[in-house]
Amino acid sequence: MMTMESITETIRGIARRSQQAAASLRGTSGEERKKVLEAFARQIDGDVAAIVAANAQDYSREEAQGMSAGLLDRLKLDANRVASLADAVREVAALPDPVGITTQGSVRPNGLHVRQVTVPMGVVGMVYEARPGVTVDAIALALMSGNAVITRGGSAAALSNAAIVECAWRALAEVGLPKELVANIDEYGREGVTALLEARGLVDLVIPRGGAGLIQTVVDKAKVPVIETGVGNCHVYIDEQADLGDALEIVLNAKTQRVGVCNAAETLLVHQGIASEFLPGVLGKLDEAGIRIHGCQQTKKIAADGDIPCLEATEEDWATEYLSADLAVRVVQDVEEAVRHISQYSSGHTEAICSLNVRALDFFTSSVDAAAIAVNASTRFTDGGQLGLGAEIGISTQKLHARGPMGLSALTTTKWIIAGNGHTRP
């Protein structure tokens, strides 16, 4: 059994080799990196059966151990999902090169030419759990943006992750790039994560993606820069002047399309002026879909009148990211009270409003502090693919460097190029 000291030494060795490999991408063009991703997509397409078989073993083991339905949904890969992952890689490959873009520049009064250009981060660490699809996204986004990536996808998806990383290694070999551009440290467990988080000077950025506990652990332990992502206590507010037919479909989509994802709705807020008209129908549909309602007193009364099961909502319910077939429901006086509720309980991920009232829309969009605001649309659209990013490496809920779904540009930083003609500073 490896000691913490030996694991630390091993992880630092992996990070050092990743750092050296990242240098091999610095002089490459976007077209050259595109070829890497195209090869990666072909390898995934050619290895669907092996990936699905590896995932079946992961899924069976975790199901037997009692993993929640939401996490099992994220863990599962079938042939269609694997094909979609390969397509997502191709979508990333088709995006504009994020490296070498001049973000600002000028000619100074002394004739000095200065410009700021985008460059790769270097070595990016990804820490996540039970999400083999993230392994594909992380590899594709990192390589296309000129970075090496070290993945730690957790024991729950270890076999799935290993099969995907093998595809990446074969793709890198096909185009003549070092396999060390992609590394996986699942086998080193939590000690490996700790060592990765402490590899200052070797790892340029770590992105955690998962539940609140995982993210907080990474933030607390990291000695390398971290982008905090993804806890999603998302709300949908139905205004008095909403199109109630559209609102019904938006609520159902936001809650039931996939319950175990960070952009699923966890709380429904309904204006009191339309509560008696809107809630009976939406609560009935949610109940039919297997959603457990946690309601305020007025919601409980309306549910009881329709013989719809409804638990009494507690303070904890308003603050909970369920990631399950549960939804908190509250009747509010107006849009101002809805915003106050969201301000108190939101995780800053995605908040939605359904309304045809311009004043209400303006107030909501300007007052709510979140990475994304959905107007007459489902919270489920906060997604890199849906927003044209091809894929995402996470959804940042912080305000430095990146916010919201993070695509290629979030994995770049900048440097200044200062060009003179024998210039010296007086």
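Helices and strands here are DSSP runs, numbered from the N terminus. With that in hand, arginine 200 is easy to place in this predicted model: arginine 200 sits in the loop that links helix H8 (189-197) to strand S6 (205-209). Its relative accessibility comes to 58%, so arginine 200 counts as exposed, the cut-off being over 50%. Even so, arginine 200 has partners from elsewhere in the chain: setting aside residues up to four places away in sequence, it touches Arg12, Lys223 and Val224. The C-alpha atom of arginine 200 also lies 8.8 Å from that of alanine 222, a residue 22 places away along the chain.

Methionine 4 offers another link across the sequence. This residue belongs to helix H1 (residues 4-22), yet its C-alpha atom is separated by 6.4 Å from that of glutamate 191, and the two residues are 187 apart along the chain. Glutamate 191 is also a contact of methionine 4, as are Thr194 and Ala195, once neighbours within four places in sequence are left aside. As for accessibility, methionine 4 comes out at 35% and so counts as partly exposed, since that value falls between the 20% and 50% cut-offs.

Glutamate 62 is a charged residue by class, and its place is in helix H3 (residues 48-64). Its relative accessible area is 9%; because buried means under 20%, glutamate 62 counts as buried. Beyond the residues up to four places away in sequence, glutamate 62 is in touch with Met67, Leu72, Leu75 and Ala156.

Two helix pairs come next. Helix H2 (residues 30-46) packs against helix H7 (residues 158-175) at an angle of about 135 degrees, and the axes are 8 Å apart. H2 and H7 are therefore oblique to each other, as that angle falls between the 115 and 145 degree cut-offs. Their crossing is right-handed. On the H2 side the contact is made by Lys35, Val36, Ala39, Phe40, Arg42, Gln43 and Ile44, and on the H7 side by Ile164, Cys167, Ala168, Arg170, Ala171, Leu172, Glu174 and Val175. Sorted by class, the residues of this contact are 10 nonpolar, 1 polar and 4 charged.

The other pair is helix H5 (residues 79-93) with helix H6 (residues 132-144), whose axes come within 10 Å and cross at roughly 15 degrees. That angle is under 35 degrees, so H5 is roughly parallel to H6. The crossing of H5 and H6 is right-handed. H5 brings Leu85, Val89, Val92 and Ala93 to the contact, while H6 supplies Gly133, Val136, Ala140, Leu141 and Met144. By class, the contact of H5 with H6 has 8 nonpolar residues, 1 polar residue and no charged ones.

Finally, the cysteines. The structure holds 0 disulfides. Cysteine 234 is in none, and the nearest cysteine sulfur, belonging to cysteine 262, is 6.9 Å away. With a relative accessible area of 0%, cysteine 234 is buried. For cysteine 310, the closest cysteine sulfur is that of cysteine 296, at 7.9 Å; this is too far for a bond, because a disulfide needs the two sulfur atoms within 2.5 Å. Cysteine 310 has a relative accessible area of 19%, which is under the 20% cut-off, so cysteine 310 counts as buried too.

How values were computed: Residues numbered from 1 in each chain as written. Predicted model: local features only at pLDDT ≥ 70, side-chain atom pairs only at ≥ 80, totals over all residues. Heavy atoms only, no water. Helix = DSSP H or I, 4+ residues; strand = E, 2+ residues; numbered from the N terminus. Buried < 20%, exposed > 50% of the residue type's maximum accessible area, 1.4 Å probe, protein only. Contact = heavy atoms within 4.5 Å. Axes fitted to C-alpha atoms, helices over the stretch in contact; angles between N-to-C directions. Parallel < 35°, antiparallel > 145°, perpendicular 65-115°, else oblique. Left-handed = near helix turned anticlockwise from the far one by under 90°.
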